[in-house]
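Me: I am new to this structure and would like to learn how to read it step by step. Could you take one feature at a time, giving the general idea and then the case at hand?

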Amino acid sequence: VTRARAAEAMRNWSPADQAASDAWITIAERRFLDGEKAFNLALERSVAANQPPTRQASLRDGRASIYLALGKFAAAKADNDAALAGIAEPRSRINALFNRVAIARAMGDFRLASDTLRELERTAAAAREDKSNQTRRELILQEARNRRAWGDLPGAIDKFEEARKLDDKSVDGLRELAATHLQAGAPAVAQPLAQQALELDLHLRGISRRSRRDTWVEAGDANLLASLRTAADCARAARDYPAADAHYQTAAALA
């Protein structure tokens, strides 16, 4: 949904609901610096409007995502802890638990990341969300990331491959698989995977109905930058210096 269409849809909403919607859009658009301010406003308006505490818990978890992206890990954990304390319903807890796994891993607390993933698997099973391909794939990806954080690169590669079987059109899993092969010292395996991830990333932008042809590649596109950087790193390790140079230059122009 474009921002203009969202504004039209929200025209008759309450100020609290408008602020909340705008805050969530900042995450979708990866505007993290704007997002912190947007979630602060959404929380203020939600409290002022006397909305249910579960609504504020959800907003705090959204702000935790923003803090995580900004590298404010202690603030992210505080918001995420408060969110989980205020959310009891299993389906609603799933996103907050996914957030906790990522926050714990970013803080270097790999034990908490692994323990939370086990809780997440139980919660998904209770909500029957583990039957969803998307949720199963995300659980497997989190397991792969945890194994990589622990240093179990072969185990991580197996899990990334397992996730790939559930969705072979997923850029993030393919890109991380390439990066893990590179970390394991196999640039010849990593480079074609990284190049495939980059080409898929560009292809998905091209077929997106939300993007005009002239906005397929935009400055500040964090996901595309990640694909370019991984492709460049893998090409350099494989001694394909012209490809590495081209990818680094494109990434620098978009950064």
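Me: Let us begin with one pair of charged residues: how far apart are the closest N and O atoms in the salt bridge of Glu176 with Arg145?

Reply: Please keep in mind that this is a predicted model. A salt bridge is read from the distance between a side-chain nitrogen of Lys or Arg and a carboxyl oxygen of Asp or Glu, and the cut-off is 4 Å. Glu176 and Arg145 form such a bridge, with their closest N and O atoms 2.6 Å apart. Because Glu176 lies in helix H10 and Arg145 in helix H8, this pair ties together parts that are 31 residues apart in sequence.

Me: Are these two residues buried or exposed, and how is that decided?

Reply: The idea is to look at the relative accessible area, where a value under 20% means buried and one over 50% means exposed. Glu176 has 14% relative accessibility and so counts as buried, and Arg145 is buried as well, with a relative accessible area of 13%.

Me: Which residues does Glu176 touch, if those up to four places away in sequence are not counted?

Reply: Here one looks for heavy atoms within 4.5 Å. Glu176, which is found in helix H10, residues 171-183, touches Arg145, Arg148 and Phe160 when residues up to four places away in sequence are set aside.

Me: Which residues are linked with Glu176 in a network of salt bridges?

Reply: A network is read by following the bridges from residue to residue, and here it links Arg137, Glu138, Arg145, Arg148, Asp172 and Glu176. Within this group, Asp172 forms a salt bridge with Arg137, and the closest N and O atoms are 2.6 Å apart. Asp172 lies in helix H10 and Arg137 in helix H8, residues 133-150, so this pair ties together parts that are 35 residues apart in sequence. As for accessibility, Asp172 has a value of 23% and therefore counts as partly exposed, whereas Arg137, at 11%, counts as buried.

Me: How many salt bridges does the structure hold, and what can be said of the one between Asp79 and Arg63?

Reply: The structure holds 22 salt bridges. In the one that Asp79 forms with Arg63, the closest N and O atoms are 2.6 Å apart. Asp79 belongs to helix H5, residues 73-86, and Arg63 to helix H4, residues 53-70, so that this pair, 16 residues apart, links distant parts of the chain. Both Asp79 and Arg63 are buried.

Me: Let us return to helix H10 and take His181, which is found there: what is it in contact with, beyond its neighbours within four places in sequence?

Reply: Contacts of this kind are read from the residues that surround a side chain, and for His181 they are Ile157, Ala186, Val189, Ala190 and Leu193, with neighbours within four places left aside. His181 and Leu193 are 12 residues apart along the chain, and their C-alpha atoms are separated by 9.2 Å. With a relative accessible area of 13%, His181 is buried.

Me: Now the backbone: which sign does phi have in most residues other than glycine?

Reply: Most residues other than glycine have a negative phi. In this model, phi of Asn50 is near 60°, a positive value in a residue other than glycine, and phi of Arg128 is likewise near 60°. Asn50 is found in the loop between helix H3, residues 32-48, and H4, and it is exposed, with a relative accessible area of 70%. Arg128 is found in the loop between helix H7, residues 110-126, and H8, and at 59% relative accessibility it counts as exposed.

Me: Finally, how many helices and strands are there in the protein chain as a whole?

Reply: An overview starts from the secondary structure, and the protein chain has 13 helices and 0 strands. Its radius of gyration is 19 Å, close to the 18 Å that the globule rule gives for 255 residues, so the chain is as compact as a globular protein of that length. Along its principal axes, the C-alpha trace spans about 60 × 45 × 30 Å, and buried residues make up 41% of the 255 residues. Among contacts between residues at least 6 apart in sequence, 54% join residues at least 24 apart.

Methods. Residues numbered from 1 in each chain as written. Predicted model: local features only at pLDDT ≥ 70, side-chain atom pairs only at ≥ 80, totals over all residues. Heavy atoms only, no water. Helix = DSSP H or I, 4+ residues; strand = E, 2+ residues; numbered from the N terminus. Rg over C-alpha atoms; globule rule 2.2 N^0.38 Å. Buried < 20%, exposed > 50% of the residue type's maximum accessible area, 1.4 Å probe, protein only.
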